[in-house]
Amino acid sequence: MRKIFYYLIFAVVITSCATNPHKKSEKIYDSKLKTLKETISKKESQPLPIIPRVIINVDTLYTKQLHTYKDTIFKMGSTPLENGINTEWIGTVNFNLRKPNFIIIHHTAQDSLQQTIKTFTKIEAQVSSHYVISDDGKVVQMLNDYLRAWHAGNGSWGKNTDINSTSIGIELDNNGTELFSEAQINSLLALLTKLKKDYNIPAQNIIGHADIAPTRKKDPSALFPWKILAEKGFGIWPDEYLETAPADFNVEQGLRIIGYDTKNLPAAIMAFKLHFIQTEVNDLLDEKTINTIYSIYKKQ
């Protein structure tokens, strides 16, 4: 019996001293994690076409929050499951950060860039965005593109019900009743040029807050120049000459295929018209509205 006990002790010692067969891949894993940490930790301003370079000072609350996520992504080891099994950690060497696939455009509904920044730097506000563009064209980046901002809230587009996790939020300094300035739109176009190229974002995935939350939001307002954006490749726009929709065209299904949540159909119609018609923002389903929906439906 004693011999068996010694054999067991010997086996445990040998096992504990054995070379980790995954040591090489674990080293690569750790190295890649450090690289990704550096990527999401970068706070330097990015040069954009037309826009002068802007230096952003990031406060300690941002850094503290960043360290929280750093600790999370560096966490390795065993995790107990409900069935009594513990997971085994073996790091893969094939991974990277997730890329955004949508851009959501908002207006701030506030009175100044400074007021918006103050809101986005208060913990109790629980709202943020990746970029804020002022009326004079200044671009402020408040969060790394790879990180999840809290700009969309409850909303959906198609089957995507967590827009914050897949999107970049851009806030335009505008109270919702005023025209968007030429300088502001030029800066937005420059920023969209960079983001679309960096992340290969489809044109139809550049949408507004009202599109993803038709029962709650009205931004950007009917004064926003969606047609100009679409002409530059950022979004889509109805054909100049609208084809008459087939008699059997299902409007609700068409809106759903475009991306709208149609549980509240009147709200979905209004959100669509806010984006694609703009001169008639109501829930009236007239011939022009039906044909416009059909035109956008065909572009999906």
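## Exercises on loops, a helix face and a cavity

Proline 220 sits in the loop that runs between helix 6 (209-212) and helix 7 (226-231). The structure above is a predicted model, and each exercise below takes up one part of it.

**Exercise 1.** Find out how many helices and strands the protein chain has, and what share of its residues count as buried.

*Solution.* Begin with the elements: the protein chain has 10 helices and 5 strands. Next, turn to burial, where 41% of the 300 residues count as buried. Finally, look at the contacts between residues at least 6 apart in sequence, of which 67% join residues at least 24 apart.

**Exercise 2.** Describe the peptide bond that leads from aspartate 219 to proline 220.

*Solution.* First locate proline 220 in the loop between helix 6 and helix 7. Then read the omega angle of the bond from aspartate 219, which is near -10 degrees, and the peptide bond is cis.

**Exercise 3.** Determine which residues of helix 4 (residues 113-120) are buried, and how they are arranged around the helix axis.

*Solution.* Start by listing the buried residues of helix 4, which are Leu113, Thr116, Thr119 and Phe120. Now look down the axis of helix 4: the buried residues fall within an arc of 125 degrees, so they line one face of the helix. As a third step, turn to the other side of helix 4, where Gln114 and Lys118 are exposed. To finish, ask what the buried residues pack against, and three strands come up, namely strand 2 (131-133), strand 3 (139-141) and strand 4 (167-172).

**Exercise 4.** Compare asparagine 200 and glutamine 278 by phi angle, by place in the chain and by accessibility.

*Solution.* Take the phi angles first: asparagine 200 has a phi near 55 degrees, a positive value in a residue other than glycine, and glutamine 278, which is not a glycine either, has a positive phi of about 70 degrees. The second step is to place them, with asparagine 200 in the loop between helix 5 (182-199) and strand 5, and glutamine 278 in the loop between helix 9 and helix 10 (287-298). The third step is accessibility: asparagine 200 has a relative accessibility of 64%, and it therefore counts as exposed, whereas glutamine 278 has a relative accessible area of 17% and is buried. The cut-offs behind these two results are over 50% for exposed and under 20% for buried.

**Exercise 5.** Place proline 47 in the chain, and decide whether it is buried or exposed.

*Solution.* Proline 47 lies in the loop between helix 2 (23-41) and helix 3 (60-73). With 58% relative accessibility, proline 47 counts as exposed. Add its relation to leucine 191, which is 144 residues away along the chain, while the two C-alpha atoms are separated by 9.4 Å.

**Exercise 6.** Work out what lines the second largest cavity, and which domains contribute to its lining.

*Solution.* The count comes to 3 cavities of 30 Å³ or more, and about 60 Å³ of space lies in the second largest cavity. Strand 5 (206-208) and helix 9 (265-276) are the elements that give two or more residues to the lining of this cavity. Among the lining residues are Trp157, Gln204, Ile206, Ile207, His275 and Phe276. Sorted by kind, the residues of the lining divide into 7 nonpolar, 3 polar and no charged. Lastly, consider the domains: domain 1 (98-234) and domain 2 (238-299) each give at least three residues to the lining.

Key
Residues are numbered from 1 along each chain as its sequence is written. This is a predicted model: local features need pLDDT of at least 70, side-chain atom pairs count only at pLDDT 80 or more; totals for chains, interfaces and linings use all residues. Side-chain values use heavy atoms; hydrogens and water are left out. Buried means under 20% relative accessible area, exposed over 50%, partly exposed in between (1.4 Å probe, protein chains only). Helices (H or I, at least four residues) and strands (E, at least two) are DSSP runs, numbered from the N terminus. The arc is that of the directions from the helix axis to the C-beta atoms. Contact means heavy atoms within 4.5 Å. On a 1 Å grid over the protein atoms alone, a cavity is a set of points where a 1.4 Å probe fits but cannot get out, and a pocket is an open set with protein on both sides within 12 Å along at least five of seven lines; lining residues have an atom within 4 Å of a point. Grid points are joined across faces, edges and corners, and a volume is the space filled by probe spheres set on the points. Ala, Val, Leu, Ile, Met, Phe, Trp, Tyr, Cys and Pro count as nonpolar, Asp, Glu, Lys and Arg as charged, and the others, Gly among them, as polar. Domain bounds come from an automatic or database domain assignment.
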